[in-house]
Amino acid sequence: MAVMYAVVAAGCGVPDDSKPPGDTIRVSPDDGSRGVPAHGTVKVFVSEGTLRSVRMVRRGDGSARAVPGRFSADRRGWRPDLTAGHGLELSAKYTVDAVAVDGEGRRTARHTTFTTKVPPHRFIGFFRPEHRQTVGTAMIVSLDFNRPIEDRAAVERAIQVSAVPRVPVAAHWFGRSRLDFRPRQFWRPGTRVTLDLRLRDVRGGKGAYGVQRKTVWFRVGRDQRSVVDVGRRTLTVRRGARVVERFPVTAGTRKNPTYNGRMVISEKYPVTRMNGETVGFGGEYDIDDVPHAMRLTRSGTFLHGNYWADSHVFGKKNTSHGCVGLADKRGGSPRSPAGRFFRHSLVGDLVTVRGSHDRTVAANNGLGGWNMAWERWQSGSALD
């Protein structure tokens, strides 16, 4: 099952006087809910305005399958169409993305995730990327297990990641609930990577056995790598050996710096909400409609569009709480720097930050495994 992280968080924001009103869109079950029963109720509703779009997706079996639903007559509510045989499935992860519009035409967005109940004494691994997805050359195969794995060697033996053209691929455990795979160097464009899961009936611990048996694959696209120079406040984009774009940016302040190091785009959202309370910044910001958002870390670092800053900020001053901002317009302009970068980027593309006052991002914070030397990466395997 493919995994996605909740997107109600970011390490950046705006001053209080630019903060839009609070929760307009509400989703049930709550974001991050676990163990939701198969008969659980799913609903989306707005306290003001109307719902423009709602997309609910079941992410399992290596693919994303949309769940149909219906709006209420006044378009202030939405529910999945359970009468069509699309009820909640056990051992599954669901995402809900909703966009609402108020009376002045201003968009707000909300993204939530929840997982359904896993049968007792069973474990599953939520994995990424998706089956048949095209990704960047820095993509890392990552599995998050729904319960701690005691016999990590047995589980690792039951999972194989292979590539054509063939390259060595090694596993690395982060604790007992996450297992990542990467090659020594970045994937070559055009490589086909296969993830083979043979976890059914594999014992992961006392009384806990796997349920998955499936094979999925993904394709590696063109080689795009970008560098954020915090001191110069620039984002340089390379395709192969050629510089194709250079954008002015605003990054983290000295008080709230951006992580240094290699990061990988793990999620992309045309519009999302960013709330400072979820990452320790209290009520400093709560932005309902951040455009062109691309996640770089699990802790909340994004590269995203910024419509609220004065135009002179980009390339001249670092003003964020840790994210990297590109000039944009409210609602997201496809012709803006943020829109162009978003359109030409893939999940799995590398973004390297340098010149910041912060430390190097941890290897388990997002897909940060490229910050670890190959020998140390290999030492994280549970196999001899």
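How many residues lie between β8 and β9 in their hairpin? There are five, and G105 in that turn has a positive phi of about 85°. What you have here is a predicted model, where local features need pLDDT of at least 70 and side-chain atom pairs count only at pLDDT 80 or more, while totals for chains, interfaces and linings use all residues. Residues are numbered from 1 along each chain as its sequence is written, and side-chain values use heavy atoms, with hydrogens and water left out.

**The chain as a whole**

- The chain has three helices and 29 strands; these are DSSP runs numbered from the N terminus, with helices being H or I of at least four residues and strands being E of at least two.
- Of its 384 residues, 55% count as buried, where buried means under 20% relative accessible area, exposed means over 50% and partly exposed is in between (1.4 Å probe, protein chains only).
- About 16,900 Å² of the chain is exposed, and carbon and sulfur atoms supply 46% of that; the areas come from the Shrake-Rupley method with a 1.4 Å probe, and for residues only the protein chains shown count as cover.
- Among contacts with a separation of 6 or more, 69% link residues 24 or more positions apart; a contact means heavy atoms within 4.5 Å.

**How far to trust it**

- The mean pLDDT of the chain is 89, and 89% of its residues reach 70 or more; pLDDT is the predictor's confidence in each residue, on a scale from 0 to 100.
- Residues 1-10 stay under 50, although the model gives them 71 contacts beyond four places in sequence.
- Residues 13-22 are also below 50, with 24 contacts in the model beyond near neighbours in sequence.
- Where pLDDT is low, don't read the predicted coordinates in detail.

**Around β9**

- Strand β9 (residues 107-116) is mostly covered, with nine of its ten residues buried.
- Its hairpin partner β8 (residues 93-101) runs antiparallel to it and is joined to it by nine bridges; two strands pair if DSSP finds at least two bridges between them.
- V101 stands opposite R107 in that pairing.
- Strand β2 (residues 33-36) runs parallel to β9, with two bridges joining them, and S33 has F114 as its bridge partner.

**Two open sheets of four strands**

- One sheet has the order β1-β3-β7-β6 with antiparallel pairing.
- β1 (25-28) and β6 (69-71) stand at its edges with a single partner strand each, so one side of each is left without a neighbour in the sheet.
- The twist in this sheet averages 15° from one strand to the next; axes are lines fitted to C-alpha atoms, for helices over the stretch in contact, and angles run from 0 to 180 degrees between N-to-C directions.
- Inside it, two bridges join β3 (residues 43-46) to β7 (residues 77-80), and F45 stands opposite G77.
- The other sheet runs β11-β13-β16-β15, again with antiparallel pairing.
- Its edge strands, β11 (125-128) and β15 (169-174), each pair on one side only, and the twist averages 20° from one strand to the next.
- Four bridges join β11 to β13 (residues 141-145), with F126 opposite D144.

**Cores, and F181 up close**

- The largest nonpolar core has 36 residues, and L143, F145, V155, I159, F181, L195 and L199 have the most contacts inside it; such a core is a set of buried Ala, Val, Leu, Ile, Met, Phe, Trp, Tyr and Cys residues joined through side-chain atoms within 4.5 Å.
- Elements supplying at least two residues each to this core include β13, α1 (152-157) and β14 (159-164).
- A second, separate core has 21 residues, among them A251, I265, M294 and A338.
- F181 is found in β16 (residues 178-183) and counts as buried because its relative accessibility is 5%.
- The C-alpha atoms of F181 and V141 are separated by 5.1 Å, though the two are 40 residues apart along the chain.
- Leaving aside neighbours within four places in sequence, F181 contacts residues including V141, L143, I159 and W377.
- On the same basis, L199 is in contact with residues including F123, F145, V155 and I159.

**The β22-β23 hairpin**

- β22 (residues 234-239) and β23 (residues 242-250) run antiparallel, joined by six bridges, and L235 has F247 as its bridge partner.
- Two residues lie between these strands, and G240 in the turn has a positive phi of about 65°.
- β23 is also joined to β28 (residues 324-327) by two antiparallel bridges, with T250 partnering G325.
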